[in-house]
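Here is a structure to talk through together, one "how do you know" at a time. Have a look at the sequence and the model, and then we can start.

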Amino acid sequence: MNPAALIPTADVIPVPWGWFYALLMVTFLLHILVMNAMLGGGIIALISTFKGGEKNLLVSREFSYKWPYTIAFAVNMGVAPLLFVQVLYGQFIYTSSILMATWWLSIIVLLILAYYGAYIYDFKYNALGGLRIFMLEFSVGLLLIIAFFFSNNMTLMIEPERWQAYFQTANGSLLNLVAPSLLPRYLHFVIGAVAIAGLYLAFIGHFNLIKSKIDRPTLIAKGMTYFTLATGVQILAGVWFLLALPQPIKTQFLGGNAYATLLLISGVLLALVALYHGHRQRPIATGVTALLLLVAMILLRDLVRVFSLQPYFHPSDLTTHNEYSPLIFFLAVFVIGLTLIGYLLKLAISCRKEVTK
Amino acid sequence: MNYPVWDLTTFGGGFLIALVAVVHVLVSHFAVGGGAFLVLLEGKAYRQDNADLLDYVKKHSKFFMLLTMVFGGITGVGIWWTIALLNPAATSALIHIFVFGWAAEWVFFVVEIVSLFIYFYTFDKMERKSHMLVGWIYFISAWMSLFLINGIIDFMLTPGAWLDNHSFWSGFFNPTFWPALVFRTGISLVLCGVFGFVTAAFLNKPRLRQELMRTCAIWVTAPFVLMLAGGWWYFQVLPEPIQAMILTKSPEMGAYLQTLLWFLPLLFIAALFMALRLPQAVQKGCCFFIIAIALIYFGAFEFIREGARRPFIIHDHMYSNQVYLTDLPQIEKAGFLATARWTSKKKVDPANLLASGQELFKLQCSACHSIGGPLNNIKPLVKKYADAFGMDAMLNGLGKLNNYMPHFLGNRQERWALANYIVKEINGVDDPATGQPAVDMEEQSITIPKFAGAAAEYVLLAWNSTGMHSFSDSSPYWSLMPPGNTIYAQLVKRGDSPEIVTAGVDISYAPEPDFEHPEQQIQFWDFAPQLLGLDLIPGVGTAGKRVSGTMSLDQDRRAFLARDIPLVPYPAEGDYNPYPLLTITARDQASGQILATTRMVAPTATEMGCNNCHGGGWKVNGIAGMTATTSLDILATHDKNSGTDLVKRAQNGEPMLCQSCHADPLLGTQGKPGLLNFSAAIHGWHANFLTDREGSTACSSCHPSRADGPTRFFRSHHSQFMDCTNCHGTMEDHAISLLKQEQSAGKTAANRLLANLSPRNAASVAAIKPRTPWVNLPDCLNCHEDFQMGMSVDAFNTWTAASTDLYRNRRDQMDAMMCEACHSSPHAVYPATFNVLGSSRDSIQPLQYQGNDRPIGNDCTVCHTVQPEFEGHHPNSLRQ
């Protein structure tokens with residue numbers, strides 16, 4: 001059966017696809033930042049607890065305060081890109097999700113458990129004592145499983161050639177384990193999360209948002225070290241990921257497509273710069289570089305999707321209904337929302353200052 | 001069908017979505033109202049300078065955060081994920097139509113989370129006024145989330161003008177938007193009181209606890225006004241078909257409505273109860289009870305709202321099984337499987353019949369039906385179908401008379417495949433496609449009475465008036481016809497100018513010994529008072545005649561008549577014989593001397609095929625009679641569809657005659673005003689389940705006319721080149737003719753039955769002439785113009801004007817002989833050699849008087865001692 005015959009008909013979009021593309025990239029960047037802090041932070045806390053010692057334990061204690069927020073915002077910031085990816089690629093992601101429905105839906109349960117686990121880890125940190133590490137393992141383990149399911153779905157949705165498997169297994173128990181890029185892709189995301197979470201901890205130190213008894217230099221140093229080490233490993237994982245991509249896609253990144261190639265080169269260069277700043281323990285410079293690096297990586301990730309789906313579809317194929325007023329309404333709400341959040345944060349920070357006084 | 005279907009079987013039928021949705025809506029509405037609850041109580045604590053109360057508010061805010069943000073937040077995402085897996089087409093439609101509505105909702109979701117975190121973590125740390133402001137910002141953002149999602153949810157039920165203009169705003173501010181918003185705002189306030197009980201009940205400060213229990217009771221009860229007003233308004237703005245779906249049409253709705261009606265006041269009372277001064281242990285226990293009550297109440301509401309949408313997921317736009325209305329023409333043209341993307345079976349063939357059926361079930365049915373699961377389990381619903389025929393008929397009529405389900409979508413082969421799959425795989429019937437087995441009836445020899453020929457003085461002719469009397473033999477439960485065979489006789493005195501004798505003679509009739517005691521065979525006489533209001537002596541028919549007796553004179557027709565003699569097709573030894581014989585004897589009244597004797601068949605059948613669809617099998621020898629199971633299923637179906645209580649009545653020993661409510665010219669009942677007459681009702685209803693059937697298969701599904709059945713009541717030579725439909729029309733055309741008459745009589749029920757019927761052998765519904773049953777019927781002369789050889793076999797749609805014009809009531813042009821006297825009964829006009837019990841059985845008199853099986857008068861000397869020279873009976877009667 002021709003894979004193209006399986007691809008559902010797409011629905012009409014209200015405004016040209018570029019709007020959704022921009023919204024998808026921006027909100028995905030927000031999601032990935034918070035998600036990295038959540039997942040990578042958990043991994044760092046776990047490693048720190050394993051390693052033991054007062055300072056390491058303080059790192060994990062510091063993160064425990066932040067964990068529930070990061071989960072809340074990782075989910076929250078995930079909603080928007082999931083919405084926009086459904087607008088642009090609904091016919092692909094709905095299909096791949098159904099193929100692996102059991103795993104995909106289990107994420108909801110796993111997430112609730114991980115989330116409550118994180119709250120217990122935070123609220124009952126002292127009471128847990130020796131059980132602390134189990135709670136940490138529990139939640140981090142669940143988050144890693146969730147991440148694995150995500151990698152499966154994100155690869156399955158762009159590979160209609162693999163959808164045939166549904167005709168043997170329609171009960172939603174498929175995974176995309178046969179995809180050569182699955183494992184490097186997964187590792188690339190998990191290791192990247194550790195790097196960004198290291199940076200996040202360093203920022204907590206740098207901007208003095210510390211709640212535990214850890215001192216700023218220690219937290220900054222630990223954070224930057226995690227960033228640097230993880231970024232070093234990440235470069236290797238990235239190479240593996242690149243090599244594991246199907247030949248036609250790989251070729252595009254290795255000279256076949258100028259934009260893709262340039263983007264990849266910039267990514268590599270940015271990674272080296274970030275590594276340098278990280279090694280020099282400069283949170284701000286590293287942060288700025290890492291942000292640019294993340295933007296490059298997100299655009300590269302999108303290109304993998306575009307190239308994979310090239311034989312079948314591009315979002316520019318979508319029919320447009322041309323109704324702009326809801327977009328304007330959303331943008332207005334967005335501005336109001338940002339203003340409110342700004343105001344709320346201002347209130348929170350000023351009260352924090354009062355307390356500090 | 002665009003998307004693959006997650007094959008869930010047991011947990012299909014929307015179970016997962018129900019599970020996630022019901023818990024989510026409870027917590028998410030709490031998340032809205034709870035904001036106001038927190039801030040208002042916080043303000044109260046400040047005003048009263050009540051540190052204990054403030055402490056409670058802080059603790060409650062932690063509970064609130066953990067419940068709404070973690071469980072509420074994630075299950076909210078969970079609903080989205082679940083619907084995307086179970087109904088991706090509808091999810092995609094909602095996402096694409098309302099993408100910026102969702103996006104705006106996401107913004108408020110972010111503000112909610114930011115404000116709630118700040119509210120919780122800055123308790124006691126922030127300046128009071130600012131802290132309360134943070135709380136209000138939370139409440140407003142949460143309410144805005146409700147505002148936005150409310151528009152999208154209600155769009156699914158009432159898309160309103162969106163259907164025409166596809167405008168975001170028309171869809172969003174749809175007809176139920178505002179009432180639903182009022183209702184949901186009310187319920188979100190009620191729920192924060194409900195959840196407040198939980199945190200309050202666990203307070204260890206008795207005074208504060210008591211005070212808070214009262215506060216929460218007020219929070220639950222006061223917004224009831226808003227909730228009820230919103231609910232009432234909500235219902236009022238629903239379009240009439242949706243209101244009807246909720247109140248009467250949907251079979252599962254009753255339970256939810258009942259639940260709603262019980263649990264709504266219960267919630268109110270429970271809240272008042274909680275305001276009483278109770279021991280803490282009781283308060284602790286009861287606070288969970290009241291959550292359970294709220295959960296059940298709100299769950300029932302959501303189920304009703306979802307159910308009201310049937311058979312759509314987006315009303316008038318997309319069916320629950322993801323098929324767009326606009327796709328129907330393509331599906332009808334190409335077939336369902338051919339137009340579905342995600343199936344490996346593109347066409348039904350004998351080799352993949354069951355696999356195709358399974359595929360169709362998965363694609364079309366599993367969205368709403370589980371297989372053996374907790375929600376909408378298909379198994380009990382199809383249990384009665386032991387035969388693919390019945391299941392196929394059910395699918396044929398699906399969604400036509402009760403529109404809570406979509407029609408079956410696909411072609412005949414696909415429907416048949418699905419029926420076979422359901423009966424075989426789901427119902428576990430080994431051989432689902434057997435249908436009724438062919439019946440071999442043993443030929444029964446008969447003795448033809450002697451006729452003295454030229455020496456004979458009299459010719460006695462006798463016949464049954466309708467050619468077959470079917471009755472249901474289901475008296476303990478219901479009856480659609482009592483036993484009662486009407487027979488006629490005419491006695492002719494032979495001569496140059498033969499005379500019809502009507503005076504000075506007695507004509508008697510008697511069955512074979514085996515048929516003398518019908519009262520020992522059927523239970524009709526036990527229930528005659530309930531069925532007919534008649535207290536009959538067992539063995540006596542409804543017109544006072546027994547199976548043997550003397551015929552009465554019908555002066556108008558110059559014939560003798562015995563009306564409704566209660567013959568049954570069950571000989572004493574227990575078998576089925578639909579053609580009992582009567583011996584007719586004419587005696588001189590004065591001397592008692594026998595003037596003439598003949599025999600006739602008195603056809604009577606109980607081969608009513610109800611069990612083809614209603615299950616239960618046959619009562620007698622596996623070939624005839626109505627079982628209790630069949631009888632009760634018919635009543636249960638009637639009760640379900642028409643709101644009657646016939647099962648209950650039957651079980652109380654009060655069975656009813658169908659025609660006591662549904663008028664019937666044959667039985668002379670008036671019925672209930674406004675109800676369809678019996679023929680229109682029963683044909684109109686069942687025609688929806690038996691469309692496009694070949695030949696007379698639809699007819700023989702119910703009537704005893706099956707070509708390989710035990711009765712085969714069409715016995716004349718016409719049966720060799722015609723079937724029922726040539727005279728009576730196809731099932732659809734037949735039903736349309738009956739329903740149109742009722743429609744013109746102002747009976748609106750006919751509209752519903754007509755809505756999905758398409759004429760088969762007429763250009764349009766308008767081209768079919770309305771008719772009253774048993775009055776307007778096809779006539780022999782429709783084909784046999786001027787009594788000549790018929791040149792056509794199309795007798796449908798030209799009706800007799802009155803019952804006196806019916807073949808069975810008409811006489812020759814001299815008003816002497818009745819048509820039937822010489823040509824025999826309808827369906828068995830001479831030559832009628834195709835009686836299943838033997839070729840002579842329907843031809844006794846021609847054989848007796850003429851030695852052939854032609855109509856009487858072939859030759860004329862049967863009655864005329866001198867060959868007549870002019871055609872006295874009818875034109876062409878002297879044809880050789």
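Q: What share of the contacts in chain A between residues at least 6 apart in sequence join residues at least 24 apart?
A: That share is 79%. Keep in mind that this is a predicted model.

Q: How do you know that the size of chain A agrees with a compact globule?
A: For 357 residues, the rule for a compact globule gives a radius of gyration near 21 Å, and chain A has 21 Å, so the two agree. Along the principal axes, the C-alpha atoms of chain A fill a box of roughly 65 × 45 × 40 Å. Buried residues account for 48% of the 357 residues in chain A.

Q: What does the secondary structure of chain A come to, in helices and strands?
A: Chain A has 12 helices and zero strands. Its pattern, read along the sequence, is α-α-α-α-α-α-α-α-α-α-α-α.

Q: Why is helix 7 of chain A called largely enclosed?
A: A residue counts as buried when 20 or more other C-beta atoms lie within 10 Å of its own. In helix 7 of chain A, 21 of the 25 residues are buried, so the helix is largely enclosed by the rest of the structure.

Q: How do you know that the span of helix 7 of chain A agrees with its number of residues?
A: Helix 7 covers residues 182-206 of chain A, and at 1.5 Å a residue its 25 residues should span 36 Å. Its end C-alpha atoms are 36 Å apart, so the span agrees. After helix 7 of chain A comes Asn208(A), with a positive phi near 50 degrees.

Q: Which residues have the most contacts inside the largest nonpolar core?
A: They are Leu83(A), Val194(A), Leu460(B), Ile487(B), Ala489(B), Leu491(B) and Met600(B), in a core of 363 residues. Helix 3 (residues 54-99) of chain A gives the most to this core, with 23 residues. As for Leu491(B), the residues it touches include Tyr458(B), Leu460(B), Val505(B) and Ile507(B), leaving aside residues up to four places away in sequence.

Q: How many residues of chain A are in contact with chain B?
A: The count is 54 residues of chain A, in contact with 53 residues of chain B. The largest share of that side of chain A, 16 residues, comes from helix 3 of chain A. By type, the residues on the side of chain A that touches chain B are 42 nonpolar, 10 polar and two charged.

Q: What makes the side chains along strand 8 of chain B alternate?
A: Strand 8 (residues 505-511) of chain B has two faces: Val505(B), Ile507(B), Tyr509(B) and Pro511(B) point to one and are buried. Asp506(B), Ser508(B) and Ala510(B) point to the other face and are not buried.

Q: How do you know that strand 8 and strand 12 of chain B pair?
A: Pairing takes at least two bridges between the strands. Strand 8 and strand 12 (residues 581-588) of chain B have seven, in the antiparallel sense. In strand 12 of chain B, Asp588(B) is the bridge partner of Val505(B), and Thr583(B) is that of Ala510(B).

Q: In what sense, and over how many bridges, do strand 8 and strand 9 of chain B pair?
A: Strand 8 and strand 9 (residues 549-550) of chain B pair in the antiparallel sense over two bridges. Here Tyr509(B) stands opposite Gly549(B) of strand 9.

Q: Why are strand 9 and strand 13 of chain B called edge strands?
A: The open sheet has four strands in the order 9-8-12-13 (chain B), with antiparallel pairing. Strand 9 and strand 13 (594-601) of chain B each pair on one side only, and that makes them the edge strands.

Q: How do you know that the span of helix 22 of chain B agrees with its number of residues?
A: Its 15 residues (628-642) should span 21 Å at 1.5 Å a residue, and its end C-alpha atoms are 21 Å apart, so the span agrees. The buried residues of helix 22 of chain B are Thr630(B), Ser631(B), Leu632(B), Asp633(B), Ile634(B) and Leu635(B). Their packing partners include helix 21 (611-614) and helix 23 (646-651) of chain B.

Q: Why is Gly254(B) called exposed?
A: The cut-off for exposed is 12 or fewer other C-beta atoms within 10 Å. Gly254(B) has 11, so it is exposed. Gly254(B) lies in helix 12 (residues 253-274) of chain B.

Conventions
Residues are numbered from 1 along each chain as its sequence is written. Chains are lettered from A and ligands numbered from 1 in the order in which they are written. This is a predicted model: local features need pLDDT of at least 70, side-chain atom pairs count only at pLDDT 80 or more; totals for chains, interfaces and linings use all residues. A nonpolar core is a set of buried Ala, Val, Leu, Ile, Met, Phe, Trp, Tyr and Cys residues joined through C-beta atoms within 7 Å. Two residues are in contact if their C-beta atoms, placed from the backbone, lie within 7 Å. The radius of gyration is taken over C-alpha atoms; the globule rule is 2.2 Å times the number of residues to the power 0.38. The expected span of a helix is 1.5 Å times one less than its number of residues. Ala, Val, Leu, Ile, Met, Phe, Trp, Tyr, Cys and Pro count as nonpolar, Asp, Glu, Lys and Arg as charged, and the others, Gly among them, as polar.
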